[in-house]
Amino acid sequence: MLIKIFLALLSIIFSVLMIYITTINFKKKILSQFEFLIWNLCWLGIIFLSVRPKFIDDYFLKTYESDIFYIITILSIIFLLIFCYFNMLKIKIIEKKINTIIRAEALKKIINKIKN
C-alpha cells in the first residue's frame, strides 16, 4: 500500500513537471497547439490514474496475480511516455534548425541571382 502511495505521489509530481515543460515548449513554438493539447491530456490522464488507483487496480488485480507486475507495468508506461515526449521534442528542434538552414541557403541563392 505504501508503495502505491509513493508511486502515486511520484507520478503526480512527474506529471505536473511535464505539464510545465510542455507549456514552456509550446510558448517557444516547438509544439503546435494540437500537440500541446494531446500531451497535456496524456499528463492529466496520468494524474487521474494516480489519484484514482482503484480504477485500474480492479483490472490489474483481476488480470494479473502479482503486485510487482503492476508496479513494473505502470513505471514502464511512464518511462515510455517520457522517452516518446523528449524524442519528439528533439525531432521538432532539429526540424526547425534544418528549415532555418534551408531558408538561409535559398535566400543566398536568390541574392546571388539578383546580383548577377
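**Trp39 and Trp43**

I looked up Trp39 and Trp43 in this predicted model and found both in helix H2, four residues apart, about one turn of the helix. In an α-helix, residues three or four places apart point the same way, because there are 3.6 residues a turn. The ring centres of Trp39 and Trp43 lie 5.4 Å apart with the planes at 25°, so I entered the pair as stacked. The cut-off for stacked is under 30 degrees. I noted Trp39 as buried, at a relative accessible area of 12%. Trp43 is buried as well, at 0% relative accessibility.

**Other aromatic rings**

I searched the whole structure for aromatic pairs and got six. One of them joins Phe14 and Trp43: the centres are 5.6 Å apart and the planes stand at 85°, so this pair is edge-to-face. Phe14 belongs to helix H1 (residues 2–27) and Trp43 to helix H2, so the pair ties together parts 29 residues apart in sequence. Phe14 has 14% relative accessibility and counts as buried. I then listed the aromatic cluster that holds these rings, and its members are Phe14, Trp39, Trp43, Tyr85 and Phe86.

**Helix H2 as a whole**

I checked the length of H2 next. Its 19 residues (33–51) should span 27 Å at 1.5 Å a residue, and the end C-alpha atoms are 27 Å apart, which agrees. Which residues of H2 are buried? I wrote down Glu35, Phe36, Trp39, Asn40, Trp43, Ile46, Ile47 and Ser50. Viewed down the axis of H2, these fall within an arc of 125°, so they line one face of the helix. On the face turned away from that buried side I found the exposed residues Gln33 and Phe34.

**Ser50 and Ser11**

I went on to Ser50, which lies in helix H2 and is buried, at a relative accessible area of 11%. Its side chain reaches the backbone oxygen of Ile46 at 2.8 Å. Leaving out residues up to four places away in sequence, Ser50 touches Ala8, Ser11 and Ile12.

I followed the contact to Ser11, in helix H1. Ser11 is buried too, at 6% relative accessibility. The side chains of Ser11 and Ser50 make a polar contact at 2.3 Å. With neighbours within four places in sequence set aside, Ser11 is in contact with Ile46, Ser50 and Ile78. Ile46 thus appears twice in my notes on these serines, as a contact of Ser11 and as the residue whose backbone oxygen the Ser50 side chain reaches.

**Salt bridges**

How many salt bridges does a search of the whole structure find? I got two. Side chains of opposite charge can pair when their charged atoms come close. Glu35 pairs with Lys92, with 2.9 Å between the closest N and O atoms. This bridge links distant parts of the chain, with Glu35 in helix H2 and Lys92 in helix H4 (residues 67–115), 57 residues apart. I checked Glu35 for burial and found it buried, at a relative accessible area of 16%; buried means under 20%.

Lys108 pairs with Glu105, the closest N and O atoms being 3.8 Å apart. Both lie in helix H4, three residues apart, and are separated by about one helical turn. I noted Glu105 as partly exposed, at 40% relative accessibility.

Notes: Residues are numbered from 1 along each chain as its sequence is written. This is a predicted model: local features need pLDDT of at least 70, side-chain atom pairs count only at pLDDT 80 or more; totals for chains, interfaces and linings use all residues. Side-chain values use heavy atoms; hydrogens and water are left out. Helices (H or I, at least four residues) and strands (E, at least two) are DSSP runs, numbered from the N terminus. The expected span of a helix is 1.5 Å times one less than its number of residues. Buried means under 20% relative accessible area, exposed over 50%, partly exposed in between (1.4 Å probe, protein chains only). The arc is that of the directions from the helix axis to the C-beta atoms. A polar contact is a pair of N or O atoms within 3.5 Å; within protein, one must be able to donate a hydrogen and the other to accept it, and residues adjacent in sequence count only if both atoms are side-chain atoms. Contact means heavy atoms within 4.5 Å. Rings of Phe, Tyr and Trp (its six-membered ring) pair if their centres lie within 6.5 Å; planes under 30 degrees apart count as stacked, over 60 as edge-to-face and the rest as tilted. A salt bridge is a side-chain nitrogen of Lys or Arg within 4 Å of a carboxyl oxygen of Asp or Glu.
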